[in-house]
Amino acid sequence: MALEFEGNLIKVLPEVTGQGKNGVWVKQDFVLETEEQYPKKACFTAWGDKASDLKTYSLGEKLRISFSVESREYNERWYTDLKAYRIESASSASASPAASSAPSQGFSAAAPRTAPPVADLPSFSSDDQDLPF
């Protein structure tokens, strides 16, 4: 399952390195925020060469992230990671025809709701004051 998230880069956390049985590893966490009425933030992890790719983008830049979700258990508690496997500028992603059919912001593909016209709302007179409080 391919998941995508689009938003502005608002924070890049410090790079973390370590030594494993397969050699040295590098990871870097970063946070994106959507441009919706109620913005949502999500923290992603870039591993290996994707962590170095992240350095080419600046704060405030609009990015499109393709990622996978992975959860693991430790001491009867569950931890979930959003692992970014593709990081690209949203402006270059929107130029491709496949990206133009994807949702434009966040996870949702639903059309935004609009309020009904004011003329369709019921009117109340001052005689309707029979509220119990």
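A visitor and a guide talk through a predicted model and the terms used to describe it.

Visitor: What kind of model is this, and how are its residues numbered?
Guide: This is a predicted model, where local features need pLDDT of at least 70, side-chain atom pairs count only at pLDDT 80 or more, and totals for chains, interfaces and linings use all residues. Residues are numbered from 1 along each chain as its sequence is written, and side-chain values use heavy atoms, with hydrogens and water left out.

Visitor: How many helices and strands does the protein have, and what makes a run count as one?
Guide: There are 3 helices and 6 strands. Both are DSSP runs numbered from the N terminus: helices are H or I with at least four residues, strands are E with at least two. From the N terminus, the order is β-β-β-β-α-β-β-α-α.

Visitor: Why is F30 called buried?
Guide: Buried means under 20% relative accessible area, exposed means over 50%, and partly exposed lies in between (1.4 Å probe, protein chains only). F30 has 0%, so F30 is buried. F44 also has 0%, so F44 is buried. Of the 133 residues of the protein, 23% count as buried.

Visitor: Why is the F30 and F44 pair called stacked?
Guide: Rings of Phe, Tyr and Trp (its six-membered ring) pair if their centres lie within 6.5 Å; planes under 30 degrees apart are stacked, over 60 edge-to-face, and the rest tilted. The centres of F30 and F44 are 5.8 Å apart, with 25° between the planes. Both values meet the cut-offs, so the pair is stacked. F30 lies in strand β3 and F44 in strand β4, so the pair ties together parts 14 residues apart in sequence. The whole structure holds 4 aromatic pairs. Ring pairs link F5, F30, F44 and F67 into a cluster.

Visitor: What makes a set of residues a nonpolar core?
Guide: The members are buried Ala, Val, Leu, Ile, Met, Phe, Trp, Tyr and Cys residues joined through side-chain atoms within 4.5 Å. The largest such core has 16 residues, and F30, L32, F44, L63, I65 and I87 touch the most other members. At least two residues of this core come from each of β1 (3–12), β3 (23–33), β4, α1 (49–54), β5 (62–74) and β6 (77–89).

Visitor: Which residues does L32 touch?
Guide: Contact means heavy atoms within 4.5 Å. Not counting residues up to four places away in sequence, the partners of L32 include F5, L9, F44, L63 and I65.

Visitor: Why is V69 called partly exposed?
Guide: V69 has a relative accessible area of 46%, which falls between the two cut-offs, so V69 is partly exposed. V69 sits in strand β5. Leaving aside neighbours within four places in sequence, V69 contacts L3, T80, D81 and L82.

Visitor: And W47, buried or partly exposed?
Guide: W47 has 35%, so W47 is partly exposed. W47 belongs to strand β4 (residues 41–47).

Visitor: What makes N75 and E76 notable in their phi values?
Guide: Most residues other than glycine have a negative phi. N75 has a positive phi of about 55°, and E76 has a positive phi of about 60°. Neither is a glycine. N75 lies in the loop between β5 and β6, and E76 is found there too.

Visitor: How do you know that these two are exposed?
Guide: N75 has 60% relative accessibility, so N75 counts as exposed. E76 has 72%, so E76 counts as exposed.
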